[in-house]
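Here are a few short exercises to work through with the model open beside you. Try each one before reading its solution.

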Amino acid sequence: MTIEYYLKPATKSQLSEGKCPIFARIRVRTKENTFDIRLSTGLFTSHYKDASEWRETMSNTKKRNRYASTEEGHTIIPILDEISEKIDSAVKSEPDITSDIIRECIESVVFKEAREKEAEMRAEQERQSRMNLNKYFAQHIERKRGILKQRTIINL
């Protein structure tokens, strides 16, 4: 299995922001499975605009380490390495690998923080929506407000 990260030409809006999208090419040739998939990683680089310069940096250990020491490289390189590990383990464990499985591997790494925050928000919303005694009485009083007199409601 080989995973190659390459740059795709940026759109006009991305160029104006100084971003260039990073894509992944995953090639597997085994007895059970042979495929060549190209997917977006959802990551961008502002450090490189030239695809050949990026390819050379990713293939040369010395240049890759130099890029990894930059602020952008310090965040992107570990993510790319984690994506590679996830895809490798998925290919080894799944006999019939599809682009959807690989896309999920990429998204699980790239959007990990967003997914964790979303899960925390859902848990907090669930915790807040649970019924407690005070909420139950407040709802009961609101339901009875038009039916019962004010004096009766005060005594509840």
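**Exercise 1.** Among contacts in the protein between residues at least 6 apart in sequence, what percentage join residues at least 24 apart?

*Solution.* Keep in mind that this is a predicted model. Start with the pairs separated by at least 6 positions in sequence; a contact here means heavy atoms within 4.5 Å. Of those contacts, 42% link residues at least 24 apart.

**Exercise 2.** List the elements of the protein in order from the N terminus.

*Solution.* Begin with the totals: eight helices and three strands. Then walk along the chain, which gives β-α-β-β-α-α-α-α-α-α-α.

**Exercise 3.** Set the radius of gyration of the protein against that of a compact globule of 156 residues.

*Solution.* For the globule, expect a value near 15 Å. The protein itself has 26 Å. Next, look at the principal axes, along which the C-alpha trace spans about 80 × 45 × 30 Å. Finally, check burial: 28% of the 156 residues count as buried.

**Exercise 4.** Which residues of helix α2 are buried, and what covers them?

*Solution.* Helix α2 takes in residues 51-59, and its buried residues are W54, T57 and M58. These lie on the same side of α2, because they cover an arc of only 95° around the axis. Their cover includes the strands β1 (2-7), β2 (20-29) and β3 (34-45), along with the helices α3 (61-68) and α4 (71-93).

**Exercise 5.** How many positive and negative side chains does the protein have?

*Solution.* Counting gives 29 positive and 25 negative side chains. The centres of the two sets are 6 Å apart.

Technical notes:
Residues are numbered from 1 along each chain as its sequence is written. This is a predicted model: local features need pLDDT of at least 70, side-chain atom pairs count only at pLDDT 80 or more; totals for chains, interfaces and linings use all residues. Side-chain values use heavy atoms; hydrogens and water are left out. Helices (H or I, at least four residues) and strands (E, at least two) are DSSP runs, numbered from the N terminus. The radius of gyration is taken over C-alpha atoms; the globule rule is 2.2 Å times the number of residues to the power 0.38. Buried means under 20% relative accessible area, exposed over 50%, partly exposed in between (1.4 Å probe, protein chains only). Lys and Arg count as positive and Asp and Glu as negative; His and the chain ends are not counted. The place of a charge is taken as NZ of Lys, CZ of Arg, CG of Asp or CD of Glu. The arc is that of the directions from the helix axis to the C-beta atoms.
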